[in-house]
Amino acid sequence: MLPGGFRDSAVIEQHGAGMDSHGHVVERLRSAFRSGITLPEEFRRTQLTQLLSMLRDNEERIIKALHQDLAKPKFESALSEVDIVINELHHAISNITSWMQPEHVAKNLATKLDDCFVRREPLGVVLIIGPWNYPLQLLIVPLVGAIAAGNCAVIKPSEISAATDCLVAELIPKYLSQDCYTVVRGGSEQTKALLQNRFDHIFYTGSQVVARSVVQAASVHLTPVTLELGGKCPCFIYGRINIQAAAHRLAWAKFFNAGQSCVAPDYVLCTEATQKALVPALSTVLEEFYGKEPQKSPDLARIVSDRHFARLKKLLERTKGKVVIGGQSDQDSKYIAPTVVVDVGEDDALMSEEIFGPILPILTVEELEKSMDLVNRNEKPLAIYVFSDESSIVKTVMKNTSSGGFCSNDGIVHMTLPGLPFGGVGASGWGSYHGRWSFETFSHRRACMLRGWALERLNGLRYPPYTEDKLKWLRWTTSAQNSCSLM
Ligand code: NAD
């Protein structure tokens with residue numbers, strides 16, 4: 001028997017699994033879901049506690065796997081992969097009782113005696129597809145929501161972060177109910193085959209290109225989809241500014257995980273004068289962070305794959321901007337130095353796609369109005385950052401732009417609070433999660449009205465034969481002043 005008292009049948013699908021074996025796995029989970037096993041709060045709580053144990057018991061192995069995949073520094077792994085999931089788990093465990101309560105709604109005269117409430121119900125068998133950049137966090141945080149909401153789940157880690165993929169596939173069946181949760185492994189072909197099955201919800205984190213094929217596959221079964229995508233997150237730096245603090249926070253948010261964060265500041269918008277002060281400040285900060293030879297620093301992650309390394313190198317070759325910091329790279333270790341590029345135009349190669357690496361272009365635009373126009377002409381970003389001592393500038397940008405999240409005078413940290421929904425808008429994503437928002441994402445809000453037989457005379461007002469009098473009274477009993485309408 002396994003921790004939690006679950007049977008230990010083999011459930012991990014290996015690379016090369018076809019649609020039939022996936023169908024078999026999904027069917028097995030579906031029958032567990034239909035049995036009602038995931039419904040009691042106690043079951044959900046036990047699974048969440050098991051996940052907590054999984055993280056605590058295996059922290060060293062997780063950190064090692066992440067180091068193998070991305071040379072992720074232990075500090076960054078502990079903070080952004082282990083602790084963030086542990087915090088989500090604590091939050092879910094403390095709040096699950098209240099989240100599961102029916103939510104009573106306002107009633108009118110006609111429904112005064114009824115029990116009217118929203119009931120959160122699990123969706124069924126959900127599919128969670130994760131990316132490689134935070135391969136543990138972005139797989140397990142959605143899983144916390146799926147479990148808390150009472151679903152069964154298939155989880156599909158990214159094959160690119162191979163060591164973490166392998167570890168997750170080993171650990172999940174050891175800690176969680178194998179009847180209800182399973183890991184399916186594989187790359188694009190296996191995921192496409194998996195997607196041919198009917199799920200009750202698909203939660204996808206990754207690129208916009210792949211999201212299109214996920215949505216297409218989901219449309220066959222009319223399966224609802226949450227998309228956690230990327231894009232280019234701008235960082236506005238305008239007005240009076242504490243340049244030292246700004247350089248520290250900007251460099252940290254940009255070069256954390258070697259820039260491979262969906263919410264990393266993708267590019268900076270500022271005036272010429274600010275750029276003049278910012279570049280030397282960034283240079284000093286980067287030396288402070290990573291030393292004179294960043295390649296030797298243990299605190300800088302590496303690019304995940306040869307393909308992404310080549311993509312970033314090409315962007316650097318194609319830019320018409322001027323590299324003022326960094327620019328060096330090493331193919332063997334997939335190292336790219338923290339790099340800052342100035343004199344970048346809106347039509348530059350660095351502005352043609354999400355950078356997703358340690359390269360920071362700076363675009364100079366003298367007027368804030370024009371820099372907001374530049375951002376608003378493009379797809380809505382996952383996050384917008386504004387660095388300024390002037391709160392009026394922060395508020396102006398907040399009011400005149402749109403993005404998944406917004407943070408002033410810092411980067412990334414807005415996504416660490418479970419109370420704030422995390423997600424995109426438009427092309428940067430559909431839906432959101434974290435904390436209660438995850439529970440909502442993986443729940444159906446069922447509208448329930450429990451009526452008895454009382455007040456039949458009042459109810460009789462709606463029956464034919466219709467009269468003007470009946471209409472008058474009915475309108476009064478169901479009017480908005482009495483809270484809501486009948487229909
Ligand atoms: P990706 O889309 O290449 O891969 C993500 C997942 O999709 C992997 O599990 C992969 O196996 C699977 N996949 C690949 N091809 C597929 C196909 N044809 N059909 C179905 N599934 C397929 O994304 P990635 O390169 O791992 O991640 C980088 C992107 O993800 C960036 O754009 C980044 O901004 C975005 N991202 C977003 C968030 C967020 O929370 N919004 C977080 C991390 C990354």
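Which residue has a backbone N or O atom that lies 3.5 Å from a nitrogen atom of the ligand? Select E228: a backbone N or O atom of this residue lies at that distance, within the cut-off for a polar contact (a pair of N or O atoms within 3.5 Å). The protein buries 93% of the 840 Å² that the ligand exposes when taken alone (accessible areas by the Shrake-Rupley method with a 1.4 Å probe).

This is a predicted model, in which local features need pLDDT of at least 70 and side-chain atom pairs count only at pLDDT 80 or more, while totals for chains, interfaces and linings use all residues. Residues are numbered from 1 along each chain as its sequence is written, and side-chain values use heavy atoms, with hydrogens and water left out.

Next, select G130, where a backbone N or O atom lies 2.7 Å from an oxygen atom of the ligand. Then select K156, which has a side-chain N or O atom 2.8 Å from an oxygen atom of the ligand.

Now display the largest pocket, with a volume of about 1300 Å³ (an open set of points on a 1 Å grid where a 1.4 Å probe fits, with protein on both sides within 12 Å along at least five of seven lines; lining residues have an atom within 4 Å of a point). Among its 48 lining residues, G206, S207, Q208, V209 and E354 are the closest to its centre.

Finally, colour domain 1 (8–229 + 434–444) and domain 2 (234–417): both give residues to the lining, so the largest pocket lies between them. These bounds come from an automatic or database domain assignment.

Notes:
Points joined across faces, edges and corners; volume = space filled by probe spheres on them. Polar contact = N/O pair within 3.5 Å; in protein donor to acceptor, adjacent residues only side chain to side chain.
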